[in-house]
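Here is a friendly walk through this structure for someone opening it for the first time. Please keep the 3D view at hand and follow the points in turn.

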Amino acid sequence: MPLRTNKRIVTIERHILDEQAAFPDATGTLTAILYDMAVAAKLISSHTTRAGLADIIGATGEVNVQGEEVQLLDEYAHRIIFQLNDHTGRLCVMGSEEEKEIIPIPSKYTCGKYVLLFDPLDGSSNIDFNVSVGTIFSIFRRKTEFDGPGTLEDVLQKGSDIVAAGYIVYGSSTMMVYSTGNGVHGFTLDPSIGEFLLSHPNIRLPEARFYSANQGYQSRWSDGVQRYTRWLRGEEGNTQSLSLRYIGSMIADIHRNLLGGGVFYYPADTKSPNGKLRMLFEAQPMSFIIEQAGGYASTGRQPIRDIQPTQLHQRTPLYVGNRELVEKAEEFIAKYDG
Ligand code: AHM
Ligand code: MG
């Protein structure tokens, strides 16, 4: 019997190519980087689903016989992304949350015009508990003159300079979500054929349902942030309340809020006066995606996208999600925190 389907199947490769058509001057380089990230995602995904097995296999000696080493998943993810991108001639420099310094392109390869920043495995402290983790990435054009190696200046760019960003969430299924500044599109990995298929075209933030923050730290928060949290719960003059959801894996928390509506925040507190999350590897790319889906991202005082980073691993407070909720946070902070 012939297979019948009314639904057009769009692979991520096809989608990325179609997106490129919107830019007549495009050379295909950005397209190729995005496609390589999809390949990295598949490799990392196949490992994350085997997390926990490594020890068992290792204990049998099987791994040693095959010459493989049991590796921490975040190191594995870092290495995969680096290896897929070091020799392509598309990048001039990389940066990873796992590496203290910028990552140069090995001198035997040519340098290109783009910069790739990534958090190989966000939320990795959750791996032991079988909770969703993810990979985050952003792509910039280099700032320094074309040719030689890229520098720190190429890496320290504002969120508003992002050319493309995305994330992969390794959850009950693996999803890749990306934007080249032309909306946000989500793909689900079909493990039986090893392809990412378009499952969530043109994602827009729906009406807010959730708020997500680690309320265990509430006593360390400023008056404004505490009042804002009460407002989200239907106090402080608010007539409505939101549901609390906090996974502790930013990528999974923001992904849920992107599809379900809401706000995620990781404020500054007395212990971490600049918050916990990294501006370049976490805040900028996730803010880009959320803003492309109609939301807004702020430090609590100004848009994330306007901040000029000065350090590779600089941290920032982050409020991200439905615009009216993030603006409300800014309002509380301005009013009560001076
Ligand atoms: P990581 O990059 O070391 O994984 O840390 C970032 C993670 C985020 O995914 C998450 O939102 C946050 O740390 C959770 O922190 P906390 O346990 O303080 O709530
Ligand atoms: Mg992280």
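1. A good place to begin is the hairpin of strand 7 and strand 8, which has 4 residues between the strands. Within this hairpin, glycine 194 takes a positive phi near 65°. Strand 7 (residues 185-190) pairs with strand 8 in the antiparallel sense, and 5 bridges link the two. One pair to look for is glycine 186, whose bridge partner in strand 8 is histidine 200. Please bear in mind throughout that this is a predicted model.

2. Now step back to the sheet that holds this hairpin. The sheet is open and has 8 strands, in the order 2-1-3-4-5-6-7-8, with mixed pairing. Strand 2 (103-104) and strand 8 (195-200) are at its edges; each has a single partner strand, so one side of each has no neighbour in the sheet. As a general reminder, the strands of a sheet pair through backbone hydrogen bonds, either parallel or antiparallel.

3. Further along the order, the pairing of strand 1 (residues 91-96) with strand 3 (residues 114-122) is parallel and runs over 5 bridges. Leucine 91 has tyrosine 114 as its bridge partner in strand 3. Helix 5 (residues 73-85) packs on this sheet, where it touches strand 1, strand 2, strand 3 and strand 4 (133-141). The direction of helix 5 makes about 160° with that of strand 3.

4. Helix 5 also packs against helix 2, at an angle of about 155° and with the axes 10 Å apart. How are helix 2 and helix 5 oriented, roughly parallel or roughly antiparallel to each other? With angles over 145 degrees counting as roughly antiparallel, helix 2 and helix 5 are therefore roughly antiparallel. The crossing in which helix 2 passes helix 5 is right-handed.

5. The side of this contact that belongs to helix 2 consists of Ile33, Asp36, Met37, Val39, Ala40, Leu43, Ile44, His47 and Thr48. They meet Leu73, Tyr76, Ala77, Ile80, Ile81, Leu84 and Asn85 in helix 5. By class, the residues of the contact of helix 2 with helix 5 are 12 nonpolar, 3 polar and 1 charged.

6. Leucine 84 makes a handy landmark within helix 5. Leaving aside residues up to four places away in sequence, leucine 84 touches Asp36, Val39, Ala40 and Leu43. For a sense of scale, leucine 84 and threonine 239 lie 51 Å apart in space, C-alpha to C-alpha, and 155 residues apart in sequence.

7. Helix 2 (residues 29-48) has another helix to look at: its axis and that of helix 1 (residues 12-20) come within 10 Å and cross at roughly 160°. That angle makes helix 1 roughly antiparallel to helix 2, and their crossing is right-handed. Helix 1 brings Ile12, Glu13, Ile16, Leu17 and Gln20 to the contact, while helix 2 brings Thr31, Leu34, Tyr35 and Ala38. The residues of the contact of helix 1 with helix 2 comprise 6 nonpolar, 2 polar and 1 charged.

8. How is the chain divided into domains? The domain assignment gives domain 1 (12-200) and domain 2 (210-336). Taken over C-alpha atoms, the centres of domain 1 and domain 2 are separated by 25 Å. Where they meet, 47 residues of domain 1 are in contact with 29 residues of domain 2.

9. There is also an open sheet of 5 strands, ordered 10-9-11-13-12 and mixed in its pairing. Its edge strands, strand 10 (243-244) and strand 12 (296-298), each pair on one side only. Strand 9 (residues 210-212) runs parallel to strand 11 (residues 262-266), and 3 bridges join them. Tyrosine 211 is the residue opposite valine 263 in strand 11. Helix 7 (residues 223-232) packs on the sheet and touches strand 9, strand 11 and strand 13 (318-321); its direction makes about 155° with that of strand 11.

10. Finally, helix 9 lies across strand 12 and strand 13, at about 25° to strand 13. The axes of helix 8 (residues 250-260) and helix 9 (residues 279-292) come within 11 Å and cross at roughly 10°, which makes helix 8 roughly parallel to helix 9. Their contact is made by Met250, Ile251, Ile254 and Leu258 of helix 8 with Glu282, Met286, Ile289 and Ile290 of helix 9. By class, the contact of helix 8 with helix 9 has 7 nonpolar, no polar and 1 charged residues.

Note on methods:
Residues are numbered from 1 along each chain as its sequence is written. Chains are lettered from A and ligands numbered from 1 in the order in which they are written. This is a predicted model: local features need pLDDT of at least 70, side-chain atom pairs count only at pLDDT 80 or more; totals for chains, interfaces and linings use all residues. Side-chain values use heavy atoms; hydrogens and water are left out. Two strands pair if DSSP finds at least two bridges between them. Contact means heavy atoms within 4.5 Å. Axes are lines fitted to C-alpha atoms, for helices over the stretch in contact, and angles run from 0 to 180 degrees between N-to-C directions. Angles under 35 degrees count as roughly parallel, over 145 as roughly antiparallel, 65 to 115 as roughly perpendicular and the rest as oblique. A crossing is left-handed if the near helix is turned anticlockwise from the far one by less than a right angle, and right-handed if clockwise. Ala, Val, Leu, Ile, Met, Phe, Trp, Tyr, Cys and Pro count as nonpolar, Asp, Glu, Lys and Arg as charged, and the others, Gly among them, as polar. Domain bounds come from an automatic or database domain assignment.
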